[in-house]
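Dear colleague,

Please find the structure below, handed over for your own inspection. My notes follow directly after it, grouped by region.

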Amino acid sequence: MVARIAIVGAGIGGLAAAALLAARGLAVTVIEKSQHPGGKARQIMVDGAAVDAGPTVFTLRDVFEDIFRECGAELTDSVTIRQADVIARHAWDGERQLDLHADPVRSEEAIGDFAGAAAAAGFRAFRAEAARIHGILDKTMLRGSKLAWPPQLMWRIGLWRVGDLLAIRPYESIWKALGEHFADQRLRQLFARYATYCGSSPFATPATLMLIAHVEAQGVWLIDGGMSALAGALMDLAKSHGAQFRFGTGAALLETHQGRASGVVLANGDHLAADAVICNADPEALAAGRMGPLGKMAVSSHGPRNRSLSAMVWLARTRTAGFALQRHNVLFSPDYAREFADIRAGRPPADPSVYVCAQDRDRSTTQRPECRERLQIIVNAPANGDSHSYTEREKEQCTEAMRRSLSRCGLELEEDFPHILLTPNAFESFLPSTGGAIYGRASHGWAASFLRQGTRTRIPGLYCAGGSTHPGAGVPMAALSGRLATQAVLQDLASIRTSRPVAMAGGMSMRSANADAMG
């Protein structure tokens, strides 16, 4: 009998698991409350154009190449991908800009021109440290199953490699560690921003997260059609192996039989029997009982105090003037500490740093479009979307603060530019029971990685996947979570079916809306 797998949520993690499991002959059904795949990787119409409303930075391309190849396909046959020559453009005022390049030698030269020879030497040392940390943790942590406590990490790294355990610097903040490499506070701020990639404050995030710089240095890629095109390609890959998709209805209730997950009841009342259930949603929704009392027993809540950042996100079509935009741009605040103090106090920053994704700028062309261009503009904000209702006046104040930051760096938008503003309230509606936290649990403190929800839950046959679970936030990490869920499902089904293992020969490669219904 073919094993039946129910996947709740068609986010990147759920899609990766659906493709991998369907390719191994399992009967996969994906339940999604929206009308499209992708989860956070979605588009929203603004002024007649589809604007990416979710993640925009694509790294670790090999993660997806491996998934497609294991399913008998090639990633580049499904999506068009080009490497970005400039990783990101940075500015602090209207005088000068600093680009980080795909070529690290060019980045070093640019940093030297910007801040002097000592800064260039600091960048070399920082790159080496980031690469070492990544090398230690890539297979042992990022691509491996969740570890419950540091001794397990020591065992996986190798008990004789104590120096490597110290080298990942879990007990120091990334802000403090960067001070050893950069005397120029602008550069310290630039590389500290990597903490926000997992929705965290650089003043509380371990220096371990410097490894993100090495991930970006391996390549930032541009996908025609954005991340939603990648989601569509994963869905098509899963469908080509027989996976079924049910859009427009979520999962309302987890069912069990003899203590093991046995299926889900959908929001429309239908029952879907399954031998395993993968929940590709924020574990906080499970913990809040959004899949019923049994689902609530499966995981623990990390509580509001440990939430990652939310955001104010403007999805815009506008003419621009002044600042020459690249695809990815960061315009920094003059006081980074104050910015995160404001967020910690439960309010959007009064003088924020601003990320701008210019979605119509190609890798080789930064020429300003003749007409309006599509922008996603992000300012970090507290995850209080379930406890504070943002008024129209507060939204206006946030827009004014964002525009002041842009103007300080020389970027001007149309006076009344067409846009949609997503607040923490909107993200709470989209990600129920999170307060609008976009990245799950914040990566604050040395133990954060060990406390993040893992693949398995307290209920046998129920698994978690997605950017809020191990190994962490981001598109490639979500895909890796889907791979880990796939491995766990195959291992567990094989162990309980002594007559005929479900897992096929060859194993797995480890290379480099209804708020009450989930899905």
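Setting aside residues up to four places away in sequence, R307 touches H302, A383, D386, S433, T434, G435, A437, G440 and A442. This arginine has its place in the loop between α12 (292-298) and β14 (310-318), and with a relative accessibility of 13% R307 counts as buried, because the cut-off for that term is under 20%. One of the residues in its contact list, A383, also offers its backbone oxygen, which the side chain of R307 reaches at 3.0 Å.

Before going further, I should say that this is a predicted model, so please read every value here as computed from the prediction. The average pLDDT of the protein is 90, and 90% of the residues score at least 70. The stretch to treat with caution is residues 499-516, over which pLDDT stays under 50; for that stretch the model has 40 contacts beyond four places in sequence.

A second loop residue that may interest you is H181, which is found between α7 (174-178) and α8. With 14% relative accessibility, H181 counts as buried, and its side chain makes a polar contact with the side chain of E129 at 2.7 Å. When neighbours within four places in sequence are left aside, the contacts of H181 are G122, A125, F126 and E129, so that E129 appears both in this list and as the polar partner of the histidine.

Helix α8 itself covers residues 185-192, and because 6 of its 8 residues are buried, the helix is largely enclosed by the rest of the structure. The buried residues are L187, R188, Q189, L190, F191 and A192.

Further along the chain, A401 is found in helix α14 (residues 392-408), where it is buried with a relative accessible area of 5%. Apart from neighbours within four places in sequence, A401 is in contact with P349, A350 and P352. As a longer-range reference, A401 and D66 lie 335 residues apart in sequence, and their C-alpha atoms are 43 Å apart in space.

Turning to the sheets, 5 strands form an open sheet with parallel pairing, in the order β9-β2-β1-β13-β21. Its edge strands are β9 (244-247) and β21 (462-464), each of which pairs on one side only, and the twist from one strand to the next averages 20°. Within this sheet, strand β1 (residues 4-8) and strand β2 (residues 27-32) pair in the parallel sense over 5 bridges, with R4 standing opposite A27 in β2. Strand β1 is largely enclosed by the rest of the structure, because 4 of its 5 residues are buried.

A further open sheet consists of 3 strands in the order β10-β11-β12, and here the pairing is antiparallel. The edge strands are β10 (251-257) and β12 (271-273), each pairing on one side only, and neighbouring strands of this sheet are turned by 30° against each other on average, direction ignored. Strand β10 pairs with strand β11 (residues 260-266) in the antiparallel sense over 6 bridges, and in β11 the bridge partner of H257 is R260. As general background to both descriptions, strands of a sheet pair through backbone hydrogen bonds, either parallel or antiparallel.

Finally, a word on the cysteines, since you may need to assign their states when you set up calculations. The structure holds 0 disulfides. C357 is in no disulfide, and the nearest cysteine sulfur, that of C371, is 16 Å away; C357 is also buried, with a relative accessible area of 2%. Why is the sulfur of C464 not bonded to the closest cysteine sulfur, in C279? The two sulfur atoms are 5.4 Å apart, which is too far for a bond, because a disulfide requires them to be within 2.5 Å. C464 likewise counts as buried, at 1% relative accessibility.

With best regards

Terms used: Residues are numbered from 1 along each chain as its sequence is written. This is a predicted model: local features need pLDDT of at least 70, side-chain atom pairs count only at pLDDT 80 or more; totals for chains, interfaces and linings use all residues. Side-chain values use heavy atoms; hydrogens and water are left out. pLDDT is the predictor's confidence in each residue, from 0 to 100. Contact means heavy atoms within 4.5 Å. Buried means under 20% relative accessible area, exposed over 50%, partly exposed in between (1.4 Å probe, protein chains only). Helices (H or I, at least four residues) and strands (E, at least two) are DSSP runs, numbered from the N terminus. Two strands pair if DSSP finds at least two bridges between them. Axes are lines fitted to C-alpha atoms, for helices over the stretch in contact, and angles run from 0 to 180 degrees between N-to-C directions. A polar contact is a pair of N or O atoms within 3.5 Å; within protein, one must be able to donate a hydrogen and the other to accept it, and residues adjacent in sequence count only if both atoms are side-chain atoms.
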